[in-house]
Amino acid sequence: MRAVQFSEYGPAGVVHVAEVEEPHAGPGTIRIAVRASGLSTGETSIRSGKMRDVVPVTFPYRTGFDAAGVVDEVGDGVTGVRVGEEVFGMTATTARGANADHAVLVAWAPKPAVWSWEEAGGAAGSVETATRVLDRLAVGAGHTVLVQGAAGGVGTVAVQFAVARGATVIGTAGEHNHDFLRSLGCEPTTYGAGLVERVRALASGGVDAVFDCAGGALPDLIAITGNPARVVTIAPDLTAAALGVHLSHGAPTGDTAAAVGAADPLAVHGLGIAVELAGQGRLRVPVAAAFPLTEVAAAHELSETRHSRGKIVLVN
């Protein structure tokens, strides 16, 4: 089958489609024929070598954490899902390989009917990341949260999840994305110099937590909350630890373990909430662009501009 991989650190051109052996569903997992899969901005940082001291890799490195498709194998011990059903979900953190013709999922949920394949293919990673970080920050009703980089693939989902929890959300983005953020229930502001003052003007009662999806502004984000422990970043900012900010990457084992042998895939942390919100019309998965699998290098180039609205996906 075809799969996306790279065998050395470097620019977007090192990532390519290769012929590899098909994976198969093992105990507690399912395999899908992939219709669409997500491109993570974090993986562009891994590919470039920026994250080599944080996320060591073994070459060749297979890319892709999230995908959507049709179930074609069900592993031992799995109930509640059958061959032929449409699902979206995640691969194991250590296995990856979702950018391929077939992928083995350890966490999954039924594909919402209101989502296209492209939306579903790029959803699970953003859902898991948003849930993981909002849980760590204990964001809930009555809180005010700032999402730095709110118009990106993770940011757009984080905004909607925080709103669904009853939080007031402020999001940073370029001015051309401000009306879009308002449509998600977010109060927008711009990046850059003066951010602390702009946010304080919007949040007279203060900001309880900051979810940093963009990087490059940690001192300002700490000043906004007054406490580095109230800031979590998913950006490849290696100054985070020195500043006391948690750098969150990858799915904790406990978050995906619920899918193994689960009688009801909706029990999987975060994904079930996404299905419910999508059915209520309260969760959109904006797709910035969809590229054929064979044009993965161009997709990486777009991702590295950090100016795309929503998730970049690859389609089979």
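Colleague: Where is the place of Val15?
Modeller: Take the secondary structure, where helices (H or I, at least four residues) and strands (E, at least two) are DSSP runs numbered from the N terminus. Strand S1 covers 2–6 and strand S2 covers 16–19. Val15 sits in the loop between strand S1 and strand S2.

Colleague: What kind of model is this?
Modeller: Residues are numbered from 1 along each chain as its sequence is written, and side-chain values use heavy atoms, with hydrogens and water left out. Local features need pLDDT of at least 70, side-chain atom pairs count only at pLDDT 80 or more, and totals for chains, interfaces and linings use all residues, since this is a predicted model.

Colleague: Is Val15 buried or exposed?
Modeller: Use relative accessible area: buried means under 20%, exposed over 50%, and partly exposed in between (1.4 Å probe, protein chains only). Val15 has 4% relative accessibility, so Val15 counts as buried.

Colleague: Which residues does Val15 touch, not counting residues up to four places away in sequence?
Modeller: Contact means heavy atoms within 4.5 Å. By that test, Val15 touches Val4, Gln5, Phe6, Arg47, Val296, Ala297 and His300.

Colleague: How many Å separate the C-alpha atoms of Val15 and Gly121?
Modeller: Val15 and Gly121 are 106 residues apart along the chain. In space, their C-alpha atoms are separated by 20 Å.

Colleague: Which residues is Thr44 in contact with, leaving aside its neighbours within four places in sequence?
Modeller: Thr44 is found in helix H1. At 1% relative accessibility, Thr44 counts as buried. Its contacts are Leu39, His300, Ser303, Glu304 and Arg306.

Colleague: What joins Phe59 and Pro60?
Modeller: Pro60 lies in the loop between helix H1 (41–48) and strand S4 (61–62). Omega is about -5 degrees there, and Phe59 and Pro60 are joined by a cis peptide bond.

Colleague: How many helices and strands does the protein have?
Modeller: The elements named so far include helix H1 and strand S4. The full secondary structure comes to eleven helices and 16 strands.

Colleague: Why is the protein as compact as a globular protein of that length?
Modeller: The radius of gyration is taken over C-alpha atoms, and the globule rule is 2.2 Å times the number of residues to the power 0.38. For 316 residues the rule gives 20 Å. The protein is as compact as a globular protein of that length because its radius of gyration is close to that, at 19 Å.

Colleague: What part of the 316 residues is buried?
Modeller: The C-alpha atoms fill a box of roughly 55 × 40 × 35 Å, taken along the principal axes. Of the 316 residues, the buried part is 54%.

Colleague: Among contacts between residues at least 6 apart in sequence, what part joins residues at least 24 apart?
Modeller: Val15 and Val296 are one such touching pair. For the whole protein, the part that joins residues at least 24 apart is 66%.

Colleague: What are the bounds of the two domains?
Modeller: Domain bounds come from an automatic or database domain assignment. Domain 1 takes 2–123 + 284–315, and domain 2 takes 128–260.

Colleague: How many residues does each domain give to the contact?
Modeller: The C-alpha centres of domain 1 and domain 2 lie 24 Å apart. Domain 1 gives 17 residues to the contact, and domain 2 gives 20 residues.

Colleague: Which residues does Gly125 touch, not counting residues up to four places away in sequence?
Modeller: Gly125 is found in helix H3. Its relative accessible area is 13%, so Gly125 is buried. It touches Asp66 and Met90.

Colleague: What is the phi of Ala138?
Modeller: Ala138 is in the loop between helix H3 (123–136) and strand S9 (144–148). At 48% relative accessibility, Ala138 counts as partly exposed. Ala138 is not a glycine, yet phi is positive, at about 55 degrees.

Colleague: How many Å separate the C-alpha atoms of Val147 and Cys186?
Modeller: Val147 is in strand S9, and Cys186 is in the loop between helix H5 (178–183) and strand S11 (187–189). Val147 is buried, with a relative accessible area of 1%, and Cys186 counts as buried at 4%. They are 39 residues apart along the chain, and their C-alpha atoms are separated by 9.3 Å.
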